[in-house]
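These are my notebook entries on a structure I looked through, kept in the sequence in which I took up each topic.

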Amino acid sequence: MTKLSAEFLTLHGRRSSLVLELAPGEAPLWRHWGARLPDGIDPGAALRDTRALPSFALDQDLPLTVAPVFGTGWFGQSALLAHREGRDFAQGWTGCTVEWTAPGRALTLHLTDAVARLRLDLSIALDADSDVLVLRSTLHNDGDTALDLQWLAAGTLPLPGRCDAVRSFAGQHVHEFLPQTDPLTRSLWRKESRRGRTSHDCFPGAVVTTPGATAQTGRVFGAHLAWSGNHQQTIEWLHDGQYQWQFGEWLAPGEGRLAPGASLTTPELVASCSDEGLDGLATNFHAELRRRLDWPGGAMRPRPVHLNTWEGVYFDVHPGPVKEMATAAAALGIERFVLDDGWFHGRHHDRAALGDWWPDAHKFPDGLSGLIAHVNALGMEFGLWVEPEMVSPDSELFRAHPDWALQIAGRPLLTARNQLVLDIARPEASDYLFEKIAALLAAHPIRYLKWDLNRDLAPAGLGDGRAGYRAQVLAAYALMARLRAAFPEVEIESCSGGGGRIDFGVLRHAHRVWTSDCIDALSRVEMQRGFLQFFPPEIMGAHVGTAPAHTTGRTQAMAFRAAVALAGHFGVELDPRQLSTEDADELRGWIALHKRLRDRLHHGRVWRGEAGDGLHWQFHADADTADGVLIVLRTRPSDHRQPPALRLPMLDVAARYRVRELRPAGSPRREGRHHTAPFFDAQDSAEGVTLAGAWLAEVGLPMLRAPAETAFIARIERV
Ligand code: DGJ
């Protein structure tokens, strides 16, 4: 009798499941990653018993496994590319043992290749609450010769053949999270970044959609590599009609050379799927990141409103004026004052001084104590900018240790923003940085470091001539971890010329990211929307800048600038001494409004929508939408004489909701509007208006005709 059954490994989340099939003498086969299946589900038959061999193919059926490898019958992308002096170029798993690390939720597969003398440990965990899947691979060289590892996927995921598009992010400095949608076809889809950091132009993550998926509905899959260095992802059509999705670190030649007995561990691949569209997927990623963030004191406290000095004074940092800025900032309601670039020895412009991490004696003859005491006396925390991984050729550090810069003998040192990259994998360089930064943190009540990284890595040669991309990322993480261990009360912001280092890897150590150097509110609408696909709002640095905006020259009203920043980790990036009385009053009102709303904005779920006609909305609420804040942004004038109503599909159709407009205290009613109507007056009253959830979800909330670059904000509560 034909034996149809096989042994299966099943992991269940709340709304997703994963099923693998154990196959003797090879890696487990992928059977399912997608919708939640019933407990105890059994595919009913071994996969190969459900497939006939195609013509002119190998006489063995080789379906997609969790770790497909090259050279022994698998013709698709391989999870591993390696050789020993040209030999052992092909791999094949000869054994597999399963270790359940958390029964039903997490396991490690121990795969062996007795011929090539390799071992792969692949850990797979599916979080029961967030439906986030985390995969990570470690390859061990069990041979007695060196192994050259060219590629090791963190994980290989299956995608159903009905997936039809992949949404990723392109971009550049001052335009991060530029959305890009590509159709999935039989051609290989590949994204790679070799800049040595997460990058502005190639975010290490993507979302794959099925036909008809929307922001709130339909099946979607997402994945992200938790890594701040080189990376690669591919999506490849397979001959059984499904796709495989691989992610990993892009290794520079030689970086994967493993001596006998050595091993290499990949970054984590963080993935999830949802049948509630892009927002359902975002909720899963937000939950996972919130679980990972390592807050001082063990829990996030309300995010303090920032004043960051950069665009206010740039390098023109002098204690007197900066103290005046701090005084003006405190009067606005600012809670954390961050002294950006320009404070340290010889730093008067961007052509010198990186590496000399002590206060400039001309600007701060008495050090930073006076300024910090002033800031603290005003009731604000103090934060300080550093860019530890960099060195200026014109610096005392470089003059003393020119060999500490990443470089390749015989090749030119390439500067970017007039700076070089320090080889911080050298213990003496990272010790130097630790000592210098620790001295500042030990001497002063500094509660926050804005940790910048303003260039790509090239040439990234270590002292021995080998490539140092991977070593650099690991050394940066280690330095952050060492400083956090020594000063656990200090939070870190990951900045990289804006958003060049935003990923789950650095966020093991950091607590906020600087989303972009572009603070133009109109530009920020799209960037923040993309950002929120993977990251929660409370870590999204969002500032009110000047008008006109420094990077675009465009001018927006204070209300629009503040409304766009409202949902993030709110801050101000201008010289508050320059504000008119009216602007200062208005900004003070927005800061107070943010403080009133931040507990709602920074917990729970976020729904995002584009209603067309220039309307973008965001709804931040608890999971069952009992209490939420709606932010509607109009980016361009309406094409309609009467703007269409705004549908809020996430609301409970069985409930009724009170809608009350929110405005900063003291701001004029219906500011900037030419016309109004009784509904909007009622909505703007203390009682608000009450409407059926079904009406709001299906027909929509009436929208008042409003000029371009204006916002409407409302509290929406179940009654
Ligand atoms: C780049 C950052 O993105 C800016 O916010 C600012 O900190 C500058 N570096 C300072 O040099």
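Entry 1, cis peptides. I looked up Pro459 and found this residue in the loop between β25 (446-451) and α7 (469-486). The model is predicted. A cis peptide bond joins Pro459 to Ala458, with omega at about -10°. I then turned to Pro548, which is placed in the loop between β28 (540-544) and α9. Here too I noted a cis peptide bond, between Ala547 and Pro548, and its omega is about 0°. I recorded these bonds with a general point in mind: most peptide bonds are trans, and most residues other than glycine have a negative phi.

Entry 2, backbone phi. Which residue other than glycine did I note for a positive phi? It is Asp131, whose phi is near 65°. I located Asp131 in the loop between β7 (118-126) and β8 (132-141).

Entry 3, the barrel. I asked how many strands close into the barrel, and in what order. There are 8, in the order β20-β21-β22-β25-β26-β27-β28-β29, with parallel pairing. From one strand to the next, the twist averages 30°. Helix α3 (residues 319-332) packs on this sheet and touches β20 (306-308) and β21. I noted that the direction of α3 makes about 155° with that of β21. An angle over 145 degrees counts as roughly antiparallel, so I entered α3 as roughly antiparallel to β21. For the pairing itself I took β21 (residues 336-339) and β22 (residues 381-386), which run parallel and are joined by 4 bridges. Within this pair, Val338 has Gly383 of β22 as its bridge partner.

Entry 4, α3 and α4. I next followed α3 to helix α4 (residues 369-377): the axes are 9 Å apart and the packing angle is about 10°. The two helices, α3 and α4, are therefore roughly parallel to each other. On the α3 side I listed Val322, Lys323, Ala326 and Thr327, and these meet Gly370, Leu371, His374 and Val375 in α4. Sorted by class, the contact of α3 with α4 holds 4 nonpolar, 3 polar and 1 charged residues.

Entry 5, α8 and α9. How do helix α8 (residues 521-531) and helix α9 (residues 558-565) cross? Their axes come within 9 Å and cross at roughly 15°. That makes α8 roughly parallel to α9, and the crossing is left-handed. I listed Ala521, Leu522, Arg524, Val525 and Gln528 as the contact residues of α8, and Phe560, Arg561 and Val564 as those of α9. By class, this contact of α8 with α9 has 5 nonpolar, 1 polar and 2 charged residues.

Entry 6, aromatic pairs. I recorded 24 aromatic pairs in the structure. I examined one of them, Trp404 with Tyr432: the ring centres are 6.0 Å apart and the planes stand at 70°, so the pair is edge-to-face. Trp404 lies in the loop between α5 (396-400) and β24 (420-421), while Tyr432 is in helix α6 (residues 427-443), so the pair ties together parts 28 residues apart in sequence.

Entry 7, the open sheet. I closed with an open sheet of 3 strands, in the order β1-β2-β3, whose pairing is antiparallel. Its edge strands are β1 (7-12) and β3 (29-35), each pairing on one side only. The twist averages 15° from one strand to the next. I counted 6 bridges joining β1 to strand β2 (residues 16-22). Among the bridge partners, Thr10 is matched with Val19 in β2.

Methods: Residues are numbered from 1 along each chain as its sequence is written. This is a predicted model: local features need pLDDT of at least 70, side-chain atom pairs count only at pLDDT 80 or more; totals for chains, interfaces and linings use all residues. Side-chain values use heavy atoms; hydrogens and water are left out. Two strands pair if DSSP finds at least two bridges between them. Axes are lines fitted to C-alpha atoms, for helices over the stretch in contact, and angles run from 0 to 180 degrees between N-to-C directions. Contact means heavy atoms within 4.5 Å. Angles under 35 degrees count as roughly parallel, over 145 as roughly antiparallel, 65 to 115 as roughly perpendicular and the rest as oblique. A crossing is left-handed if the near helix is turned anticlockwise from the far one by less than a right angle, and right-handed if clockwise. Ala, Val, Leu, Ile, Met, Phe, Trp, Tyr, Cys and Pro count as nonpolar, Asp, Glu, Lys and Arg as charged, and the others, Gly among them, as polar. Rings of Phe, Tyr and Trp (its six-membered ring) pair if their centres lie within 6.5 Å; planes under 30 degrees apart count as stacked, over 60 as edge-to-face and the rest as tilted.
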